[in-house]
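Student: I'd like a close look at one part of this model, the surroundings of a ligand. Could you pick one and then work outwards from there?

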Amino acid sequence: MRNAGRRILLAALIPTFLGVAILVGSSALQGQVKPAAEPAPTVLPRGFVGAETCKTCHTEPFEQFSATTMGKLFLKHPRNAKEALGCESCHGPGQAHVESGGTAFDGLITFAKQDPTPVEQRNGVCLQCHERAARLHWQGSPHELRDLACTNCHRVMTNISERSQLAKPTEIETCGQCHLERRAQLMRSSHMPLREGKMTCTSCHDPHGTVTDKLLKGNSVNDNCYTCHAEKRGPFLWEHPPVMESCSNCHDPHGSNHEKLLKVFKPRLCQQCHVETRHPTTPQTPGSRFVFNRSCTNCHNRVHGSNHPSGQLLNR
Ligand code: HEC
Ligand code: HEC
Ligand code: HEC
Ligand code: HEC
Ligand code: HEC
Ligand code: HEC
Ligand code: HEC
Ligand code: HEC
Ligand code: HEC
Ligand code: HEC
């Protein structure tokens, strides 16, 4: 894929590159003798060359990475042998790549689009340090099963988002790369304050995997909603079964063109379950009190449940 002209240029430059690498390598060795605030000297395993060597040819990526949370640790204050590998803690041993002047990639994981390293192995690189906490349920999660790479959502070489090294400036844009419809729904007239920046996809979902269906953080849809809408939890003297079952029977949390995030307009919403032969929905003859007020909730205004002794009709 790399064009021939460039290859010739590279070949011509190899000796220079190597020269610089060796020079810097030896000055780094001298540096280690100094007692200053340098990190403790580390003996690199076979095949590894150390971050200073990578820097000779990749100065800009080096500088950018140095400004990230991981870069600050790995390059300046490594706390263990893995972190001390610096660039190579992720990219793998770079000696062959360096000796070829950057033309060979044997053993190097580049994470680039044309990188033949299988996704599972690439993710394994990140998981060797990040398997605990939020990634406990990664294996077998919908995203893992669909072969998503950590790097579909994360850009680690440089800070693009304010936090969490996301691939796009915001989380909604990060998820929106693939979930176009969910992203579009946020623009509908009724929506929770996501596009206003007060909530985000991970207010409800954990993209790394959960024990619940649909990557929900709570144990169920309702538990998820109760974290912010506690008053809907009850207990109620008179419950409305579809509410106890799932808020998503009536609401679409991602946005709707009907008021209050309702999936269907009223009274059709209620009529999905309350058959038309019964009171409210019997032919809406002019003059009937039920016609005048087509919105069932004008009378049955405790649709989420009632605590009134005579509220069994969910009307008080
Ligand atoms: C935490 C893992 C990790 C570390 C450590 C790391 N890289 Fe990367 N590198 C990646 C990933 C992943 C990509 C693919 C693009 C991305 O996600 O940022 C990448 C991409 C690159 C690229 C391709 C161009 C670019 O900037 O996207 C170069 C060159 C590179 N890294 C060099 C380095 C150098 C030099 C160091 C050490 C200073 C280093 N990397 C440290 C993970 C890492
Ligand atoms: C002698 C110079 C030299 C050294 C030293 C060097 N590289 Fe490279 N590297 C190159 C060249 C040249 C390329 C090809 C650039 C290209 O195709 O854009 C390259 C490509 C890469 C890429 C792939 C970039 C892409 O977009 O596909 C990564 C990742 C990378 N190097 C990481 C490293 C790491 C990590 C080290 C240290 C272990 C290192 N390099 C040391 C010269 C070097
Ligand atoms: C050598 C261990 C190691 C490897 C490999 C590694 N990380 Fe990290 N990562 C860390 C440490 C340490 C931190 C600092 C925060 C912490 O203590 O959790 C961190 C932080 C992060 C953060 C949070 C950044 C922030 O600003 O909050 C993200 C996201 C992340 N890593 C993603 C990745 C991805 C993606 C990969 C694979 C390409 C990867 N890491 C590889 C050790 C590692
Ligand atoms: C589908 C998108 C997506 C994928 C795939 C993904 N992440 Fe994340 N990750 C996120 C988002 C969004 C956040 C921010 C969450 C937050 O701030 O609560 C995050 C946060 C993190 C953090 C920092 C906060 C924390 O939980 O410690 C780390 C570390 C991390 N991810 C590592 C990984 C690793 C490792 C992989 C691959 C196994 C991965 N992520 C795959 C979207 C993703
Ligand atoms: C207020 C909570 C909440 C927020 C915020 C939220 N979701 Fe959801 N999401 C849910 C619930 C609940 C479900 C499951 C609905 C069901 O089972 O009927 C779901 C389902 C999904 C599904 C699966 C849809 C399907 O039909 O299987 C995707 C994809 C999704 N959400 C993506 C997103 C994205 C992307 C964002 C951010 C733009 C987001 N969600 C924000 C609560 C939320
Ligand atoms: C690189 C593409 C990609 C990105 C980015 C992405 N997803 Fe997904 N997501 C998928 C795929 C593929 C599926 C599986 C869809 C399917 O099976 O129908 C999925 C499924 C889901 C589901 C449904 C899970 C289930 O049990 O059915 C939710 C919820 C979800 N993603 C949320 C998110 C959130 C939140 C983000 C951002 C943090 C995100 N996704 C980013 C590709 C992506
Ligand atoms: C992270 C907190 C949070 C979670 C979790 C949450 N909500 Fe909300 N919800 C809000 C906020 C904030 C508002 C806006 C309230 C306001 O404007 O007074 C809101 C508003 C609403 C509204 C009214 C929308 C309108 O147009 O007025 C409905 C309906 C709603 N949420 C349903 C749900 C459902 C169903 C769930 C679970 C799938 C859920 N919410 C989970 C925070 C949350
Ligand atoms: C049977 C259908 C139905 C179910 C199920 C349902 N709701 Fe509602 N919800 C409504 C209707 C209808 C409205 C509009 C009320 C009105 O017009 O007065 C509404 C309004 C809301 C509002 C905004 C107004 C208010 O009362 O605060 C929130 C928040 C809300 N619902 C949350 C929830 C939560 C959380 C759940 C699950 C525990 C849930 N809903 C289950 C029908 C339902
Ligand atoms: C997903 C189905 C479903 C939807 C949608 C639904 N309901 Fe119900 N509703 C039920 C069930 C089931 C009962 C319990 C019936 C029973 O106990 O005989 C019930 C009970 C009631 C009752 C109490 C009457 C009684 O006989 O106990 C009222 C009033 C009511 N619903 C009004 C509404 C209104 C108003 C709406 C629209 C906002 C609505 N329902 C939407 C399923 C639904
Ligand atoms: C003007 C007030 C009013 C409106 C509007 C109204 N209802 Fe009623 N509803 C009542 C009263 C009062 C009762 C008690 C039984 C009766 O008088 O027929 C009742 C009873 C019910 C019952 C329980 C009895 C039965 O027949 O099962 C259900 C379910 C019900 N309504 C659903 C609805 C639905 C769905 C709508 C909207 C299409 C609606 N109601 C609109 C006042 C109203």
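Tutor: One bit of vocabulary before we start: a helix here is a DSSP run of H or I that is at least four residues long, numbered from the N terminus. By that count, the chain has 16 helices and 0 strands. Keep in mind that this is a predicted model.

Let's pick ligand 8. It has 17 residues around it, and the closest of them are C225, H229, K232, C247 and C250. Two helices, α13 (221-226) and α14 (241-245), give this shell at least two residues each. By class, the shell of ligand 8 comes out as 7 nonpolar, 8 polar and 2 charged residues.

Now look at the loop between α13 and α14, where P235 sits. The peptide bond leading into P235 from G234 is cis, its omega near 5 degrees. A second cis bond, with omega near 0 degrees, runs from K266 to P267. P267 belongs to the loop between α14 and α15 (268-271). These bonds are worth a pause because most peptide bonds are trans.

The loop between α14 and α15 also holds K260. Is K260 buried or exposed? K260 is exposed, since it has 10 other C-beta atoms within 10 Å, and the cut-off for exposed is 12 or fewer. Sequence alone won't tell you who sits beside K260: S190 is 70 residues away along the chain, yet the C-alpha to C-alpha distance between the two is 5.9 Å.

S190 takes us on to ligand 7. Around ligand 7 there are 18 residues, with S190, S203, C225, C228 and C247 coming nearest. You've met C225 and C247 already, as they are also among the closest residues to ligand 8. The shell of ligand 7 splits into 10 nonpolar, 6 polar and 2 charged residues. Where does ligand 7 sit relative to the domains? It lies between domain 2 (119-217) and domain 3 (228-298), because both give residues to its shell.

Towards the end of domain 2, check the backbone in the loop between α12 (180-185) and α13, which is where K214 is found. K214 isn't a glycine, but its phi is positive, at about 60 degrees. L215 is in that loop too, and its phi is also positive, at about 55 degrees, again without being a glycine. They catch the eye because most residues other than glycine have a negative phi. As for surroundings, K214 is exposed because it has 11 other C-beta atoms within 10 Å. L215 has 18 C-beta neighbours inside 10 Å, so it counts as partly exposed.

For another ligand drawing on two domains, go to ligand 1. Its shell takes at least three residues from each of domain 1 (4-99) and domain 2 (119-217). There are 18 residues around ligand 1, and C54, C87, C90, F111 and M157 come nearest. In class terms, that shell has 12 nonpolar, 5 polar and 1 charged. The helices supplying at least two residues each to it are α2 (51-57), α3 (59-66), α4 (69-76) and α6 (88-91).

Of those, α4 rewards a closer look. G71, F74 and L75 are buried in it. They sit on the same side of α4, because the arc they cover around the axis is only 85 degrees. T69, K72 and K76 are exposed on the other side of α4. The cover over the buried residues of α4 includes α2, α3, α5 (81-84) and α6.

Zooming out, buried residues are 14% of the 316 in the chain. Among contacts with a separation of 6 or more, 50% are between residues 24 or more positions apart.

Finally, how far should you trust all this? The mean pLDDT of the chain is 84, and 80% of the residues score at least 70. Over residues 1-40, though, pLDDT is below 50, and that stretch has 27 contacts in the model beyond near neighbours in sequence. Residues 283-293 also stay under 50, and there the model has 7 contacts beyond four places in sequence. Where pLDDT is low, the predicted coordinates should not be read in detail.

Methods. Residues numbered from 1 in each chain as written. Chains lettered and ligands numbered in written order. Predicted model: local features only at pLDDT ≥ 70, side-chain atom pairs only at ≥ 80, totals over all residues. Near = placed C-beta within 6 Å. Nonpolar A, V, L, I, M, F, W, Y, C, P; charged D, E, K, R; others polar. Buried ≥ 20, exposed ≤ 12 C-beta atoms within 10 Å, placed from the backbone. Contact = placed C-beta atoms within 7 Å. Domains from an automatic or database assignment. pLDDT = per-residue confidence, 0-100. Arc of directions from axis to C-beta.
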